[in-house]
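Good morning, colleagues. Please turn to the sequence and the structure on the screen, and I shall take you through the helix packing, the nonpolar cores and two buried positions.

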Amino acid sequence: MTNAVLTRLPEPLRALALKHCELLKFVVVGGTAFLVDNAVFYGLKLTVLEPKPVTAKIVAVLVATIVSYVLNREWSFRTRGGRERRHEAALFFLVSAVGLVLSSAPLWISRYVLHLQTPEASLVTQEIADFVSAQVVGTLVAMVFRFWAFRKWVFPHVRLVPVPDSPSKDEAA
């Protein structure tokens, strides 16, 4: 599928896409996880977990994180790795937890440091501030961190230990 998309791009864009292929795949996986998160959250919140929206959100984030791990492991970073799957998965979930804190921090700052909430601000101001701080700033900060951390710690390039050169025939004699 990726090759079919790449062949349709004009040459300058194709070269740029090939250069940043991992990043583009990571963004597609993130978008997919975002859709899964929202579908599970609203599906649960509007049905069986209607009285418990926080529980619905926790379940949705867990499902989306599992989907994200599988897609990143098998598609975005498939040429990287070398760790045991258990170790890799643990690192993935640890990095994802840090990303969750980073994505929530701008909302927390907006609400509790800048006091962009009712009654200090209008309801419209509060909702716009919530959207910008959580969905725009928080998502971007967490995305940059996750991409860097996944490449550095979770799915690093495998480094092969160099084999010492065997002595040449002249040195052996």
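Let me begin with a question: is the crossing of α3 and α4 left-handed or right-handed? The crossing of these two helices is right-handed. I should say at once that we are looking at a predicted model.

The geometry of this pair is as follows. Helix α3 covers residues 21-45 and helix α4 covers residues 53-76. Their axes come within 8 Å and cross at roughly 155°. Because angles over 145 degrees count as roughly antiparallel, α3 is described as roughly antiparallel to α4. As for composition, the contact of α3 with α4 involves 18 nonpolar, 4 polar and 5 charged residues.

Let me place that pair in the whole chain. The protein has 7 helices and 0 strands, and its pattern along the sequence reads α-α-α-α-α-α-α. Of its 173 residues, 29% count as buried. If we take the contacts between residues at least 6 apart in sequence, 64% of them join residues at least 24 apart.

We now move to the next pair, α4 and α5. These helices pack at an angle of about 125°, and their axes are 11 Å apart. That angle makes α4 oblique to α5. The crossing of α4 past α5 is right-handed. Which residues meet here? On the α4 side they are T65, I66, S68, Y69, N72, R73 and E74; on the α5 side they are R85, E88, A89, F92, F93 and S96. By class, this contact divides into 5 nonpolar, 4 polar and 4 charged residues.

Next, the nonpolar cores. How many residues does the largest one have? It has 13 residues, and those with the most contacts inside it are F77, F92, V95, F150, V154 and F155. Helix α5, residues 85-113, and helix α6, residues 123-154, each supply at least two residues of this core. Its largest share, 5 residues, comes from α6.

F150 deserves a closer look. Residues up to four places away in sequence are not counted here, and on that basis F150 touches F26, N72, F77, F92, V95, S96, F155 and P156. Two of these partners, N72 and F92, have already appeared, in the contact of α4 with α5. There is also a second, separate core of 5 residues, which includes F41, L44, L49 and A56.

I shall close with two polar or charged positions, beginning with D130. This residue lies in helix α6. Is D130 buried or exposed? Its relative accessibility is 13%, so D130 counts as buried, the cut-off for that class being under 20%. Leaving aside neighbours within four places in sequence, D130 is in contact with L107, R111 and Q135.

The second position is S110, in helix α5. With a relative accessibility of 4%, S110 therefore counts as buried too. What does S110 touch, apart from residues up to four places away in sequence? The partners are H115, L116, A129 and S133.

To summarise, the crossing of α3 and α4 is right-handed, and so is that of α4 and α5. The largest nonpolar core draws its largest share from α6, and D130, a residue of that helix, is buried at 13%. Thank you for your attention.

Notes: Residues are numbered from 1 along each chain as its sequence is written. This is a predicted model: local features need pLDDT of at least 70, side-chain atom pairs count only at pLDDT 80 or more; totals for chains, interfaces and linings use all residues. Side-chain values use heavy atoms; hydrogens and water are left out. Axes are lines fitted to C-alpha atoms, for helices over the stretch in contact, and angles run from 0 to 180 degrees between N-to-C directions. Helices (H or I, at least four residues) and strands (E, at least two) are DSSP runs, numbered from the N terminus. Angles under 35 degrees count as roughly parallel, over 145 as roughly antiparallel, 65 to 115 as roughly perpendicular and the rest as oblique. A crossing is left-handed if the near helix is turned anticlockwise from the far one by less than a right angle, and right-handed if clockwise. Ala, Val, Leu, Ile, Met, Phe, Trp, Tyr, Cys and Pro count as nonpolar, Asp, Glu, Lys and Arg as charged, and the others, Gly among them, as polar. A nonpolar core is a set of buried Ala, Val, Leu, Ile, Met, Phe, Trp, Tyr and Cys residues joined through side-chain atoms within 4.5 Å. Buried means under 20% relative accessible area, exposed over 50%, partly exposed in between (1.4 Å probe, protein chains only). Contact means heavy atoms within 4.5 Å.
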